[in-house]
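Let's take a walk through a protein chain together, starting with the whole and ending inside one of its pockets. Have a look at the picture before reading on.

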Amino acid sequence: MKSELKVEPIKNGTVIDHITANKSLHVLNVLNLPDKDATVTIAMNVSSKVMGRKDILKIENRELKSEELDQVALIAPNASINIIRGYNLVLKEKIVFPKELISIIDCTNPKCITNTNEPLESRFYLLKKDPVLIRCHYCDRILNEEDINSQF
């Protein structure tokens with residue numbers, strides 16, 4: 001069987017690999033993509049020796065900021081980030097799930113102080129990475145992946 005490339009390489013930008021299968025649209029949503037400056041290529045539910053099935057995103061002409069990587073970590077905690085410049089891979093690293101998440105998602109507890117008129121940023125602490133569990137700093141509400149994904 002002949003091996004062939006299904007998606008063309010990008011010249012400059014970011015490739016997010018090892019996204020949990022069928023979660024790439026959530027990642028796009030949290031990153032507010034596509035936008036007018038970045039061309040996005042999506043590969044969904046592709047075969048993976050490591051994961052069985054996975055998604056891949058190629059974002060041309062955009063390198064993700066650390067705050068954006070924190071958002072991606074919520075949805076795809078096992079993803080890897082590849083930075084491409086001039087068609088060459090210049091950086092490849094596993095996404096690092098932050099121990100503390102500030103102003104990325106909202107607490108689902110309607111009585112939490114962050115859901116009132118108080119000028120407070122949401123703040124969560126990582127309890128578990130896989131599956132993701134986080135705890136609200138203010139009300140101790142624990143959010144799971146379903147709670148998190150419902151916000152994107």
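Here is a short tour of the chain, from its overall build to one pocket. Keep in mind that what you see is a predicted model.

Start with the building blocks. The chain has three helices and nine strands. If you trace it along the sequence, you pass through them in the order β-α-β-β-α-β-β-β-β-β-β-α. How far does the C-alpha trace of the chain span along its principal axes? The answer is about 55 × 30 × 20 Å.

Now think about what is tucked away and what is not. Of the 152 residues in the chain, 39% are buried, with under 20% relative accessible area. As for the outside, the chain has an accessible surface of about 9200 Å², and carbon and sulfur atoms own 48% of that. What about contacts? Take those with a separation of 6 or more: 55% of them join residues that sit 24 or more positions apart.

Next, on to the empty space. Rolling a water-sized probe over the atoms shows where there is room left. The second largest pocket has a volume of about 190 Å³. Which residues line this pocket? They are Pro9, Ile10, Val15, Asp17, Ile56, Lys58, Asn82, Ile84, Tyr87, Leu89 and Lys92. Strands S1 (13-20), S3 (52-60), S4 (80-85) and S5 (88-94) each give two or more residues to that lining. By type, the lining splits into seven nonpolar residues, three charged ones and one polar one.

Methods:
Residues are numbered from 1 along each chain as its sequence is written. This is a predicted model: local features need pLDDT of at least 70, side-chain atom pairs count only at pLDDT 80 or more; totals for chains, interfaces and linings use all residues. Side-chain values use heavy atoms; hydrogens and water are left out. On a 1 Å grid over the protein atoms alone, a cavity is a set of points where a 1.4 Å probe fits but cannot get out, and a pocket is an open set with protein on both sides within 12 Å along at least five of seven lines; lining residues have an atom within 4 Å of a point. Grid points are joined across faces, edges and corners, and a volume is the space filled by probe spheres set on the points. Helices (H or I, at least four residues) and strands (E, at least two) are DSSP runs, numbered from the N terminus. Ala, Val, Leu, Ile, Met, Phe, Trp, Tyr, Cys and Pro count as nonpolar, Asp, Glu, Lys and Arg as charged, and the others, Gly among them, as polar. Buried means under 20% relative accessible area, exposed over 50%, partly exposed in between (1.4 Å probe, protein chains only). Contact means heavy atoms within 4.5 Å. Accessible areas come from the Shrake-Rupley method with a 1.4 Å probe; for residues, only the protein chains shown count as cover.
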